[in-house]
Amino acid sequence: MKISKRLQAIADFVDQDAIIADIGCDHAQLACALVNDGIAKKAYACDIGREPLEAAKKTIERSECTDKVEAILCDGLELVPADADIFIIAGMGFETIKHILENSEDKLKQARKIIIQSNKDVEKLRMFISEKRYHIQEEVVVHDHHYYQILVFDVACDEPLSNDEIMFGRRMVKNSVFHQFWFSQLKKFEEIYAGMEKEGSKKQAIGEIIERIQKEIGV
């Protein structure tokens, strides 16, 4: 099954023979692809909505993996079986992801990896992870019509993130896509700064962000 660049970037973090739980699975494309490609030995496609779950069941049937992918109607991680060792929470906003994580703190301990892709407010997500003292394993930026940041973490205790690590990542792959993303962000902030007539704390804050990005990507 062909999946998007965004989903493939998430799939690339899944270990061989993992048992995955995809939370908010939508059409279960990722779960089916991981099983059919021989990466995951089992997958749970979980969603809170009945309609998305029915769509997931159809994908599972079409992909001929009903023996390895199970669709589960549940809110977050509450009904995820105990043998799942990698959790995927992707394609949602920060507040929804935060709600799932906060309501499942004990459940998170069973996962060797939690793979997160928030559609927005990634800095807030890193701040949340930092406040919980969770351990970020890996991070990457992928471009698939839009830029997406993917974080992989576990609940092992780690040092809090610095301000720059909250913004740019602690263990980010700083490849060409990373630089392209932050160059595009730099241009946006420069346009905002140029359009601000009055000097003041807001303009100063934007100027400081511009300087931090320039320093990070070396421009």
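So, how many residue pairs are in polar contact across the interface of domain 1 and domain 2? The rule finds two, both at pLDDT 80 or more. And yes, pLDDT, since what you have in front of you is a predicted model.

Okay, let's look at what sits on the domain 1 side of that interface. Two elements, strand S7 (146-154) and helix H7 (163-168), each put in at least two residues. H7 gives the largest share, with four residues. If you sort that side by residue class, you get six nonpolar, two polar and one charged.

Let me back up and show you where the domains are. Domain 1 covers 5-173, and domain 2 covers 178-217. Their C-alpha centres are 31 Å apart. As for who touches whom, nine residues of domain 1 are in contact with nine residues of domain 2.

Now, how much area do the two domains bury between them? People often describe the size of an interface by the accessible area that is lost when the parts come together. Here that comes to about 910 Å², with 69% of it on carbon and sulfur atoms. Have a look at Tyr147, Met167 and Phe168: on the domain 1 side, these three supply 64% of the area buried against domain 2, more than any other three residues.

Next, charges. Side chains of opposite charge can pair when their charged atoms come close. Across the interface of domain 1 and domain 2, the rule finds one salt bridge. Elsewhere on your screen, find Arg212 and Asp164: they form a salt bridge, and their closest N and O atoms are 3.1 Å apart.

The total count by this rule is 16 salt bridges. Another one I'd point you to is Arg112 with Asp15, at 3.1 Å from N to O. That pair ties together distant parts of the chain, 97 residues apart. Arg112 is in the loop between helix H5 (105-108) and strand S5 (113-118), while Asp15 is in the loop between helix H1 (5-11) and strand S1 (18-23).

Last bit, the overall picture. The protein chain has nine helices and seven strands. Its radius of gyration is 19 Å, and the globule rule gives 17 Å for 219 residues; those values are close, so the chain is as compact as a globular protein of that length. Along the principal axes, the C-alpha atoms fill a box of roughly 60 × 35 × 30 Å.

Note on methods:
Residues are numbered from 1 along each chain as its sequence is written. This is a predicted model: local features need pLDDT of at least 70, side-chain atom pairs count only at pLDDT 80 or more; totals for chains, interfaces and linings use all residues. Side-chain values use heavy atoms; hydrogens and water are left out. Domain bounds come from an automatic or database domain assignment. Contact means heavy atoms within 4.5 Å. Buried area is the accessible area (1.4 Å probe) that two parts lose on being put together, summed over both. A salt bridge is a side-chain nitrogen of Lys or Arg within 4 Å of a carboxyl oxygen of Asp or Glu. A polar contact is a pair of N or O atoms within 3.5 Å; within protein, one must be able to donate a hydrogen and the other to accept it, and residues adjacent in sequence count only if both atoms are side-chain atoms. Ala, Val, Leu, Ile, Met, Phe, Trp, Tyr, Cys and Pro count as nonpolar, Asp, Glu, Lys and Arg as charged, and the others, Gly among them, as polar. The radius of gyration is taken over C-alpha atoms; the globule rule is 2.2 Å times the number of residues to the power 0.38.
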